[in-house]
Amino acid sequence: MRSVEEQQARVAAAAVAPRPVRVAIAESQGLMCAEEVVTERPMPGFDQAAIDGYAVRSVDVLSVGDGAGEISLPVMGSIEAGARTPSRLQPRQAARVQTGAPMPTLADAVLPLRWTDGGQNRVRILRSVRSGAYVRRTGDDVQPGDVAVRAGTIIGPAQVGLLAAVGRDRVLVHPRPRLSVMCVGGELVDVSRTPGTGQVYDVNSYALAAAGRDAGAEVNRVGIISTDPRELRETVEGQVNRNEIVVIAGAVGGAAADSVRNVLAELGEMEVARIAMHPGSVQGFGQLGRDRVPVFLLPANPVSALVVFEVMVRPLIRLSLGKRQPMRRVVQARTLAPISSVAGRTGYLRGQLMRDQDTGEYLVQALGGAPGASTHLLATLAEANCLVVIPSEVEEVRTGETVDVAFLAQRG
């Protein structure tokens, strides 16, 4: 039986990021930048007012507050944000300016409105101001030749804003890996149909497709596919040729799974192995097609399939996205009730993670009861906000003991 860590290493070795593509900056959020974005012009491109007020020469208002009496200056006009006509300030003059307005020549500071009486034709000055105050100088943010966004940076809202600020409408990124999800099983029917005797809804293709999107992949949900050897080969081969990752649920148990694996063996290397984890110990992984695309075979049980996806497939998607840390955040939590696990296998048990408001300590309640008793209960997985990770050498965790807990996606 292979350890979880050994299987994860085999999977990680197959990670290949898709070739970079150029996309609109509005579509780049969450993706890794694949180029050094070098600015060609300063930002801001001109001296501008950083606040509504009056543009002045600081030397003209230095004596305010020094006992020299009241100072008032004539207002030569008003300059709005976006004004394109150059203006010049004469000595002992002021100009009314809006935030973002270009500074008139000779002005070196802006008096905030609250430091004046707000006059229209003549303004009374209540405080002095130092040179450069409330002015954004040319190139304060970025100088020509500066790197605005570096290659390897995950593009977030700030990076999107910076790309727009330097005049870039498109950027080279590592795209989302394309993931294909399909299921096999003669008992399966789509949710649009009414199941007959012995039939069940296809849960896996919907749940796993959602898990793939949550991980950051571009997902194609193929749904239920035929196990006829010729049709199966055509379907899988087509998906392998147009995706970076392929997931097939229901292909690791029973006679039907044997026939599926025989067909897949014609397309490349495929191994079904027992991994020291529960649920989902029996699973398959291989690389198929001319590009050796990673292909996963997952259990038919929806809970087991989702857990295997979380532990094996999700990290591969995150690596393909260029994430430096592909695994979920793990914290330590104190158990609120005993937890049983399977000897010799790492347990990934659904749970509810809480936090003590007084101490800040994490607390966890395992869901689902004894191992093997309720691994089919998808409802308990829907209630879970974490996976409790139990080491393979541990069979019983007592109340109050500390365990590792992996955060699942936060609910909106």
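The following paragraphs describe salt bridges, a helix pair, a surface patch and some unusual backbone sites in a predicted model.

Side chains of opposite charge can pair when their charged atoms come close. A search of the whole structure returns 17 salt bridges, among them a pair formed by Arg-22 and Glu-35, whose side chains meet at 3.1 Å from N to O. This pair links distant parts of the chain, since Arg-22 belongs to strand S1 (residues 21–24) whereas Glu-35 lies in the loop between strand S2 (32–33) and strand S3 (37–38), 13 residues apart. The two partners can also be described by their accessibility: Arg-22 is partly exposed, at 42% relative accessibility, while Glu-35 counts as buried because its relative accessible area of 15% falls under the 20% limit.

A further salt bridge joins Arg-328 to Glu-310, with 2.7 Å between the closest N and O atoms. Here the distant parts of the chain that are linked are the loop between helix H6 (302–320) and strand S22 (330–335), which holds Arg-328, and helix H6 itself, which holds Glu-310, the two residues being 18 residues apart. Arg-328 is buried at 18% relative accessibility, and Glu-310 is buried as well, with a relative accessible area of 15%.

Strand S22 contributes Arg-334 to another long-range pair, in which the partner, Glu-361, is 27 residues apart from Arg-334 and is placed in the loop between strand S24 (346–355) and strand S25 (362–366). The side chains of Arg-334 and Glu-361 meet in a salt bridge of 2.9 Å, N to O. Both ends of this pair are partly exposed, with a relative accessibility of 28% for Arg-334 and of 32% for Glu-361. In addition to these pairs, a network of salt bridges links Arg-2, Arg-10 and Glu-271.

Helix H6 also takes part in a helix packing. Helix H1 (residues 4–12) packs with H6 at an angle of about 35 degrees, and their axes are 10 Å apart; the crossing of these two helices is right-handed. On the H1 side the contacts are made by Val-4, Gln-7, Gln-8, Val-11 and Ala-12, which meet Val-311, Met-312, Leu-316 and Leu-319 in H6. In the loop between H6 and S22 lies Arg-324, which is exposed, with a relative accessible area of 70%. Arg-324 and Thr-116 are separated by 208 residues in sequence and by 53 Å in space, from C-alpha to C-alpha.

Elsewhere on the surface, Val-191, Tyr-201, Val-203 and Tyr-206 make a nonpolar patch of about 320 Å². Within this group, Tyr-201 is found in strand S15 (residues 200–201) and is partly exposed, with a relative accessible area of 38%.

The backbone shows several sites that call for comment. Most residues other than glycine have a negative phi, and most peptide bonds are trans. The peptide bond from His-278 to Pro-279, however, is cis, with omega near -5 degrees, and Pro-279 is placed in the loop between strand S19 (277–278) and strand S20 (282–288). A positive phi, near 60 degrees, is found at Arg-92, a partly exposed residue at 44% relative accessibility that lies in the loop between strand S6 (71–79) and strand S7 (94–97). Arg-292 likewise has a positive phi, near 50 degrees; this residue is located in the loop between S20 and strand S21 (293–298), where Arg-292 is partly exposed, at 39% relative accessibility.

Definitions and conventions. Residues are numbered from 1 along each chain as its sequence is written. This is a predicted model: local features need pLDDT of at least 70, side-chain atom pairs count only at pLDDT 80 or more; totals for chains, interfaces and linings use all residues. Side-chain values use heavy atoms; hydrogens and water are left out. A salt bridge is a side-chain nitrogen of Lys or Arg within 4 Å of a carboxyl oxygen of Asp or Glu. Helices (H or I, at least four residues) and strands (E, at least two) are DSSP runs, numbered from the N terminus. Buried means under 20% relative accessible area, exposed over 50%, partly exposed in between (1.4 Å probe, protein chains only). Patches are made of residues with over 30% relative accessible area and no salt bridge: like charges are joined within 9 Å, nonpolar side chains (Val, Leu, Ile, Met, Phe, Trp, Tyr) within 5 Å. Accessible areas come from the Shrake-Rupley method with a 1.4 Å probe; for residues, only the protein chains shown count as cover. Axes are lines fitted to C-alpha atoms, for helices over the stretch in contact, and angles run from 0 to 180 degrees between N-to-C directions. A crossing is left-handed if the near helix is turned anticlockwise from the far one by less than a right angle, and right-handed if clockwise. Contact means heavy atoms within 4.5 Å.
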